[in-house]
Amino acid sequence: MFPCCCKCFTKTSTDAERQPLSARTIGPYSKAAYGTDSLETARDTTVKKGKVNAKLVGVPDIDHLFTDIGDTFNKQHQHCLEISEYIRQVNESYKCPPNSSFSVCLQKIKEKHRDFEINVQMQGYSFMLEVQPEGAHEKLLHTQQQIKNLSLATKSVLAAGTTLQEMINHVLQKEEELTDRVKKMDLAYQDKVRVESNLKENLQEVRRTKQLSVQYRETANQVLAEMAQLAGITI
């Protein structure tokens, strides 16, 4: 199905000078593979837990802006990891072959549980496995829960992405103002150089975070697209 390429943006502490900001892109999603991309991909993709540390600039409201972006990005990162994990669990549970779409895995689920009618259902942006009649045994119930969890994680990536883009755009629109305020701080030369450098790195990382967040949303949107297709719904 869909790999999730995530980095972690962590809230800085008082020793925010520990290390430079960094964000490494992990295995970009190939749109050309859509429709045949595998549940197996999530297992094959190494999700490195790199950190992006927002550095303090000494102006409380400005530091708060970067902290909020970090908190929201952390949530999106976690939900992106969850997408990969639930995909991996379903894949392993039903031994879905490599390079197969979820429709192939769905067929395996149906073959495994022939006594039940199993279909993907969608309501708004939520998807689920509908099982009839009721009374499914433990493994099928667990699979239903995994798909429910996948749906929740997918929606959460999208929700966090919308909020994050708004916060990032706000910061970038005010970049000149923020820079001017930091430069006007009455500080010793060494401290002045440090906080101005911190602000510059934070702004660079915000731009990189914006790009990564778009990638996460694309991943979530493609999960939705495949589920909608299986449910016979156009979104």
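Is Asp180 exposed, partly exposed or buried? In this predicted model, Asp180 counts as partly exposed, at 36% relative accessibility, and the views below set this residue beside other parts of the chain.

**View 1. Asp180 and Lys184 form a salt bridge.** The closest N and O atoms of the pair are 3.1 Å apart; whereas Asp180 is partly exposed, Lys184 counts as exposed, with a relative accessibility of 63%.

**View 2. Salt bridges that share partners join Glu85, Arg88 and Glu92 into one network.** Within it, Arg88 bridges to Glu92 with the closest N and O atoms 2.8 Å apart, and the two residues, being 4 residues apart in helix H2, are separated by about one helical turn. Arg88 is partly exposed at 23% relative accessible area, and Glu92 is likewise partly exposed at 36%.

**View 3. A salt bridge links Arg181 with Asp61.** Their closest N and O atoms are 2.8 Å apart, and because Arg181 lies in helix H5 (residues 175–183) and Asp61 in helix H2, the pair ties together parts that are 120 residues apart in sequence.

**View 4. Helix H2 (residues 60–94) packs with helix H4 (residues 138–173).** The axes are 8 Å apart and the angle is about 155°, so that H2 and H4 are roughly antiparallel to each other, and H2 passes H4 in a left-handed crossing.

**View 5. Tyr125, Ile233 and Ile235 form a nonpolar patch on the surface.** Together these residues have about 310 Å² of accessible area; Ile233, placed in the segment after helix H6 (189–231), is partly exposed, with a relative accessible area of 33%.

How values were computed
Residues numbered from 1 in each chain as written. Predicted model: local features only at pLDDT ≥ 70, side-chain atom pairs only at ≥ 80, totals over all residues. Heavy atoms only, no water. Patch = residues over 30% accessible without salt bridge, like charges linked within 9 Å, V, L, I, M, F, W, Y side chains within 5 Å. Areas by Shrake-Rupley, 256 points an atom, 1.4 Å probe, with all protein chains shown as cover. Salt bridge = Lys/Arg side-chain N within 4 Å of Asp/Glu carboxyl O. Buried < 20%, exposed > 50% of the residue type's maximum accessible area, 1.4 Å probe, protein only. Axes fitted to C-alpha atoms, helices over the stretch in contact; angles between N-to-C directions. Parallel < 35°, antiparallel > 145°, perpendicular 65-115°, else oblique. Left-handed = near helix turned anticlockwise from the far one by under 90°.
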